[in-house]
Amino acid sequence: LMYLPTLGAALALATLFDPLLGGKQRGVSNPLGILLLVLAASALGYRTYERNQDFRTTRSLFESAQEVVPESARVHFQLGSLYANEGLINTAIEYLERSVDKDPGFIQARIQLGDVYVADRNYGKALEIYDEVLRRLWGSQSDPAQVESLKAMLLNKRAEAKRLDGDLDGALADLEQAMQGAGETPRATLSWVSIQQNQGRYSDTIPALRQALANFPGDVELMMALSRSAVGAGDKQAYEESLEALKQTERGRPRALAMEAEVAYERAIADRDAAGRDEAMATFMEVIDLEPTLATPYYYSGRYLIETQRAFLDGIAQYDEALARDPDHPGALLYKSLALIELQRFDDATETLRLLEAVRPNEATYVLMAEAAFKQGDLEAQDAAWEKLEELGKAPVEMLLNRALSVSNSGDLTRAIEIVEQAMADPETANEPLVLRTLGLLLLDTGRCQEAVATFQLQRQAEMAIADPE
């Protein structure tokens with residue numbers, strides 16, 4: 001197709017060359033005129049081809065526009081957004097910062113810049129930008145409804161950045177503010193509930209979910225969240241109500257079926273009921289056929305493959321399917337990291353555990369982080385996981401001993417002994433034979449033979465007490 005602005009030139013050519021071509025009145029064509037027309041049309045056609053190539057992609061369109069209007073904040077914004085979509089983070093940041101510099105009041109460019117910093121895991125910069133936009137909105141004289149909607153969106157974004165940065169209390173505070181604002185949407189409640197559920201605080205979420213459903217009746221995601229909280233809290237009435245409500249909607253029916261299969265699977269595991277587990281898995285396969293966008297059936301498919309066949313690679317592939325649908329699925333992240341540790345892929349396990357930490361920073365996560373670090377001989381990473389467990393007030397004895405062994409291997413026997421003695425200071429682990437044996441070996445390594453012998457005697461007494469508790 002010819003580039004539209006060249007239409008006038010084409011008409012001019014036709015007029016100019018008409019006499020040279022001979023015209024209809026003479027009925028004779030001029031060969032020179034024909035040659036000149038062909039050359040001119042070819043040049044015009046080549047220019048048209050060049051222009052079409054320039055505008056072949058959206059990005060080239062805006063790159064061309066930048067040459068024409070280099071001071072346009074919107075052109076730089078569009079280019080930054082396009083580069084971000086292509087994963088070219090540094091280039092995207094460069095263009096978005098230019099957009100903001102050229103128009104400091106361009107709110108959309110600021111928000112997009114914050115989003116790109118989140119994608120780059122630069123949460124500090126993202127929070128600075130979201131804070132600045134919120135400050136600008138507080139004093140805005142724009143349409144109140146639009147301003148409230150923007151505030152709610154930004155509070156959700158800021159909460160997500162805080163969550164990813166490990167500030168769960170700050171994230172919850174922002175989400176609570178969004179839940180109470182005029183621009184409230186189900187998103188804030190769902191995010192708030194997700195954080196609470198991942199901390200095991202299921203009962204606390206049920207009133208908030210009921211209130212949200214009163215404001216947004218029929219919202220399937222809210223109903224699903226309520227059913228999950230009800231299971232966690234052991235609230236049979238809330239579970240049955242939410243499940244029945246899900247079954248009343250087309251989108252909700254596959255989710256209700258998935259929830260029933262999840263409850264059945266976990267019950268079968270607790271009861272060591274292999275047939276019940278198989279039946280639950282068959283239900284998950286049915287759910288996948290009905291609604292392939294749900295993450296949980298793939299998560300249980302991964303577990304099933306590993307639990308029944310020890311098919312770790314196939315299981316990991318199913319966990320990845322779940323994470324493709326829900327990147328924050330805590331179960332898929334946890335069990336994938338376990339499978340990776342089993343396969344001795346410790347670097348991959350550590351990366352997966354970092355993602356899990358942002359979702360569920362609890363004892364299980366940090367114990368696995370410590371185990372992966374121990375297997376890699378990474379003492380610094382072990383210490384970091386240890387500090388997190390100390391903050392939680394929990395430090396499993398196995399982790400203490402692994403940490404002591406790593407410190408010992410690094411040559412610091414005194415520090416290793418201090419770590420084991422710390423385990424012995426806890427009444428629950430003071431008489432653990434493994435703890436006593438580890439301490440005895442460390443004492444031997446330092447030449448404290450009499451203390452080592454006494455410790456081995458205590459170990460023997462502890463073992464006899466376990467063998468014959470009476």
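**Briefing: Ser229, helix α21 and two loop residues**

The side chain of Ser229 forms a polar contact with the side chain of Gln197, at 2.7 Å. The model is predicted. The points below describe the surroundings of Ser229, then helix α21, and then two loop residues with positive phi, Arg121 and Gln344.

**Ser229 and its surroundings**
- Ser229 lies in helix α13, which covers residues 220–233.
- Because its relative accessibility is 0%, and buried means under 20%, Ser229 counts as buried.
- Beyond its neighbours within four places in sequence, Ser229 is in contact with Val193, Gln197, Tyr202, Thr205, Ile206 and Leu209.
- Gln197 thus appears in that contact list and is also the partner of Ser229 in the side-chain polar contact.

**Helix α21**
- Helix α21 comprises 14 residues, 363–376.
- From its first C-alpha to its last, α21 reaches 20 Å, close to the 20 Å expected at 1.5 Å a residue.
- The buried residues of α21 are Thr365, Tyr366, Leu368, Met369, Ala370, Ala372, Ala373 and Phe374.
- In an α-helix there are 3.6 residues a turn, so residues three or four places apart point the same way.
- Gly377 follows α21 and has a positive phi, near 75°.

**Loop residues with positive phi**
- Arg121, a residue other than glycine, has a positive phi near 60°.
- Arg121 is placed in the loop between α7 (107–119) and α8 (123–138).
- Gln344, also a residue other than glycine, has a positive phi near 65°.
- The loop that holds Gln344 runs between α19 (330–342) and α20 (346–359).
- Gln344 is exposed because its relative accessible area is 59%, and exposed means over 50%.

Key:
Residues are numbered from 1 along each chain as its sequence is written. This is a predicted model: local features need pLDDT of at least 70, side-chain atom pairs count only at pLDDT 80 or more; totals for chains, interfaces and linings use all residues. Side-chain values use heavy atoms; hydrogens and water are left out. Helices (H or I, at least four residues) and strands (E, at least two) are DSSP runs, numbered from the N terminus. Buried means under 20% relative accessible area, exposed over 50%, partly exposed in between (1.4 Å probe, protein chains only). A polar contact is a pair of N or O atoms within 3.5 Å; within protein, one must be able to donate a hydrogen and the other to accept it, and residues adjacent in sequence count only if both atoms are side-chain atoms. Contact means heavy atoms within 4.5 Å. The expected span of a helix is 1.5 Å times one less than its number of residues.
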